[in-house]
Amino acid sequence: REVAPYLQGVMDECGVTARDAAGTPIERTRPAVLLDAVARFLEGRRYADLAKLVRHPDFEAALRHEDENLEPVDLVDRYHNAHLPWKADGRWLADPDDSPDKRLAASMGRLWRAVRGLLGELFDEGEHGAAAMVPKLRQLLQTVYGERTLDPAVESDRLLISSLGRLGDALAELENLPAPLAPAGRAAETISLLLRAMGGDGIPPGAARSGEPTLEMLGWLELALDDAPALVVTGFEDGRVPESIHGDAYLPNRLRQSLGIVDNQKRLARDLYATELLLQSRERVAFITGRRSAAGDPQVPSRIVFHCAESEVVPRVKRFLEGSKRA
C-alpha cells in the first residue's frame, strides 16, 4: 500500500491512469489533511506545526486570498532561519537595529492575523461540546473551499467533492450526538474525534474511461481474479507475503492453530498457492522486492522465493545480494 501513490505518480508521467481499486483513504484527502494540520497546531501552538499548516496548498491559497501581498511559505521559512522559534504565540522577535528584520516581524504579524482570521473561533482555547464546535469547523471548510468551482470529471476535483461530502456527513453525525455521548473538549480534541470516526473510510476510484490507457492496481489476494495477461507484483517482501503475526496478546499463533482459524502456516500455504496460480495463468509475471521500506528499514524477499529445489536456494540468495538486471 505504501508505494501506491508513487506508482500512480510514475504512471501519470507515462500518460497512463493507475486506478487503485482500494480507493483513496479519507485521511489522505486534502480536507482531512488540512483538519489534521489545524488540530496539531491548535494543540501545541508550536511553530513547526504552524509552518506545516501554512504549507497546506489549500490553506496557503486561502491565506493569499485574505492578503494578496503575503508569501506565507517564504515568510515562515525566513523567520525560522532568522530566529529558530519554538512557539507561535503572535509575538515576533526583531532586531531593533535591523530594518529587514523588523519588516520580517511585521510581515509575520500580518500572516498571524490572516491565520487567526481563517481559523476564527477555533482559536479559542476554551472547552466546548462537540455539537458547539461543528459550526466552527463548517465555517473553516466553507472559508477554504466555498468559493471553488469544481468539476466532477477532473479526478482531483472528484476526490475533493467526495471527501467534503464525507466530512459533511461526519460533522452532521457529531452534531446530532446526545449530549452525554459528546464529550466537551477543545477544538483540537474535537477534530481528532472527527478524524478517528472517519478512519478506515475510503473514496472509491472513478470509473475507467473509454479509450484512456488504464492500469488496475489490485491487492495481493485479488490479483489471481484479474484476467490481465501480464502482472507486476510490488511489495513482494517477507512479512507482507506471507503476512506473519507473532506475539498477538489475544490470539497467539499456537492458539489459532488449536482453534482451527487462520494462522501463519495457513497464510503461507494460501500465498504459495496464489503465487503458483499467477505463474501458471499469465504470459508474464514480475515480482518486485524493495530493498528498503519508505521508512528506510531493510527488507528481504518473500520466503516464497526460496520455496524451490535446494540447489536453487543459494543462487537465488546470491542474485538478491549482488543485484541483477535479469528478471
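How do the residues of the lining of the largest cavity divide into nonpolar, polar and charged? The legends below take up this question and then move on to other close-ups of this predicted model.

**View 1. The lining of the largest cavity divides into 4 nonpolar, no polar and 5 charged residues.** Welcome to the enclosed space of this predicted model. The structure holds 1 cavity of 30 Å³ or more, and about 60 Å³ of space lies in the largest cavity. Its lining is made up of Leu42, Glu43, Arg45, Leu122, Asp124, Glu125, Arg186, Ala187 and Ala188. Two elements, α2 (30–44) and α9 (187–198), each give two or more residues to this lining.

**View 2. The largest pocket has a volume of about 1200 Å³.** Here we turn to an open space, lined by 41 residues. If you would like to find its centre, look for Leu7, Leu218, Val232, Val233 and Thr234, the lining residues that lie nearest to it. By class, the lining has 22 nonpolar, 7 polar and 12 charged residues.

**View 3. Helices and strands both supply the lining of the largest pocket.** At least two lining residues come from each of α1 (4–13), β1 (17–20), β4 (214–217), β5 (230–233) and α11 (264–281). Strand β5 provides the largest share, with 4 residues.

**View 4. Asp226 is a buried acidic residue without a salt bridge.** You can find Asp226 in the loop between β4 and β5, two strands that also help to line the largest pocket. The nearest side chain of opposite charge belongs to Arg282, 5.7 Å away; a salt bridge is counted within 4 Å, so this pair does not qualify. Even so, Arg282 is among the residues that Asp226 touches, along with Leu218 and Leu231, once residues up to four places away in sequence are set aside. Leu218 may look familiar: this residue is also one of those nearest the centre of the largest pocket.

**View 5. Asp157, in helix α8, is likewise buried and has no salt bridge.** The helix spans residues 155–175. For Asp157, the nearest side chain of opposite charge is that of Arg30, at 5.3 Å. Which residues does Asp157 contact, leaving aside its neighbours within four places in sequence? They are Thr149, Leu150 and Asp151.

Note on methods. Residues are numbered from 1 along each chain as its sequence is written. This is a predicted model: local features need pLDDT of at least 70, side-chain atom pairs count only at pLDDT 80 or more; totals for chains, interfaces and linings use all residues. Side-chain values use heavy atoms; hydrogens and water are left out. Buried means under 20% relative accessible area, exposed over 50%, partly exposed in between (1.4 Å probe, protein chains only). Lys and Arg count as positive and Asp and Glu as negative; His and the chain ends are not counted. Contact means heavy atoms within 4.5 Å. On a 1 Å grid over the protein atoms alone, a cavity is a set of points where a 1.4 Å probe fits but cannot get out, and a pocket is an open set with protein on both sides within 12 Å along at least five of seven lines; lining residues have an atom within 4 Å of a point. Grid points are joined across faces, edges and corners, and a volume is the space filled by probe spheres set on the points. Ala, Val, Leu, Ile, Met, Phe, Trp, Tyr, Cys and Pro count as nonpolar, Asp, Glu, Lys and Arg as charged, and the others, Gly among them, as polar.
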